[in-house]
Amino acid sequence: MKHLKTTLAILASVSVSLVIADDFKTINGKEYKDATVSRVEPNGIVLKTKSGISKVYFAELPKEVQERFLPTPAKTGAAQRVRELIDLKSWVAGMANPTSFVLLFVGGASLIAAVTFAIVRSRLQ
């Protein structure tokens, strides 16, 4: 129960920080009033305003806004290494399990058979 309260408090604080509206102005002078950042992508941010959803590229934003949202290479590299390590562990664990290996093999063979069947069928019609 204690962990549930802590989790809910963390989720509430994160949600509040994401909902705060802000004004954004591009280096070309275009303004986005009361915009909320929907998500941060590698090449820009997606903003929600009253008029709709817009993607603003980092190249269009002032340096201070770029620094606020642009992921740093150190964080990105570390996160990428963690994802690769998890993927590798999952793959090794899956291949160590004989049932997973058989299912993967059967699934791959079924996919190849289905594609081959579709090609042959389309040529015979």
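Which residues are linked in a network of salt bridges? Arg39, Glu41 and Lys55 are, and my notes on that trio and its surroundings follow. Bear in mind throughout that this is a predicted model.

1. **Overall layout.** The chain has 4 helices and 4 strands. Read from the N terminus, the order is α-β-β-β-β-α-α-α, so to speak a run of strands with helices on either side. Of the 125 residues, 16% are buried. The accessible surface is about 10100 Å², and carbon and sulfur atoms account for 66% of that. As for contacts between residues at least 6 apart in sequence, 17% join residues at least 24 apart.

2. **The salt-bridge network.** Back to the opening trio. Glu41 takes part in two of the pairings I'd look at: one with Arg39, at 2.7 Å from N to O, and one with Lys55, at 2.4 Å from N to O. The Lys55 pair links distant parts of the chain, with Lys55 in strand 4 (residues 52-57) and Glu41 in strand 2 (residues 31-41), 14 residues apart. General background for anyone skimming: side chains of opposite charge can pair when their charged atoms come close.

3. **Burial within the network.** Is Glu41 buried or exposed? Glu41 counts as buried because its relative accessibility is 19%, and the cut-off for buried is under 20%. Its two partners fall in another class: Arg39 is partly exposed at 45% relative accessibility, and Lys55 is partly exposed at 30%.

4. **Another salt bridge.** A search of the whole structure turns up 4 salt bridges. One of those outside the trio joins Lys33 and Glu31, whose closest N and O atoms are 3.2 Å apart. Glu31 is partly exposed, with a relative accessibility of 42%.

5. **Asp23 and what it touches.** Asp23 sits in strand 1 (residues 22-25). Setting aside residues up to four places away in sequence, Asp23 touches Tyr32, Lys33 and Asp34. So Lys33, the salt-bridge partner of Glu31, turns up here as a contact of Asp23 too. What lies 2.8 Å from a polar atom of the Asp23 side chain? The backbone nitrogen of Asp34 does. The C-alpha atoms of Asp23 and Asp34 are separated by 5.3 Å, although the two residues are 11 apart along the chain. Asp23 itself is partly exposed, since its relative accessible area is 45%.

6. **The nonpolar core.** The largest nonpolar core holds 11 residues: Phe24, Tyr32, Ala35, Val37, Ile45, Leu47, Val56, Phe58, Leu61, Val65 and Phe69. Strand 2, strand 3 (44-49) and helix 2 (63-69) each supply at least two of them. Which element gives the most? Strand 2 does, with 3 residues. Tyr32 is worth a second look, as a member of this core that is also touched by Asp23.

7. **Leu61 in the core.** Leu61 is one of the core residues. Leaving out neighbours within four places in sequence, Leu61 is in contact with Ile27, Ile45, Val56 and Gln66. Among these, Ile45 and Val56 are listed in the core as well.

8. **Where I'd start looking.** Strand 2 is a handy place to begin: Glu41 lies in it, and strand 2 gives the most residues to the largest nonpolar core. From Glu41, follow the salt bridge across to Lys55 in strand 4, then pick up Val56 as a core member and a contact of Leu61.

Methods:
Residues numbered from 1 in each chain as written. Predicted model: local features only at pLDDT ≥ 70, side-chain atom pairs only at ≥ 80, totals over all residues. Heavy atoms only, no water. Helix = DSSP H or I, 4+ residues; strand = E, 2+ residues; numbered from the N terminus. Buried < 20%, exposed > 50% of the residue type's maximum accessible area, 1.4 Å probe, protein only. Contact = heavy atoms within 4.5 Å. Polar contact = N/O pair within 3.5 Å; in protein donor to acceptor, adjacent residues only side chain to side chain. Areas by Shrake-Rupley, 256 points an atom, 1.4 Å probe, with all protein chains shown as cover. Salt bridge = Lys/Arg side-chain N within 4 Å of Asp/Glu carboxyl O. Core = buried A, V, L, I, M, F, W, Y, C linked by side-chain atoms within 4.5 Å.
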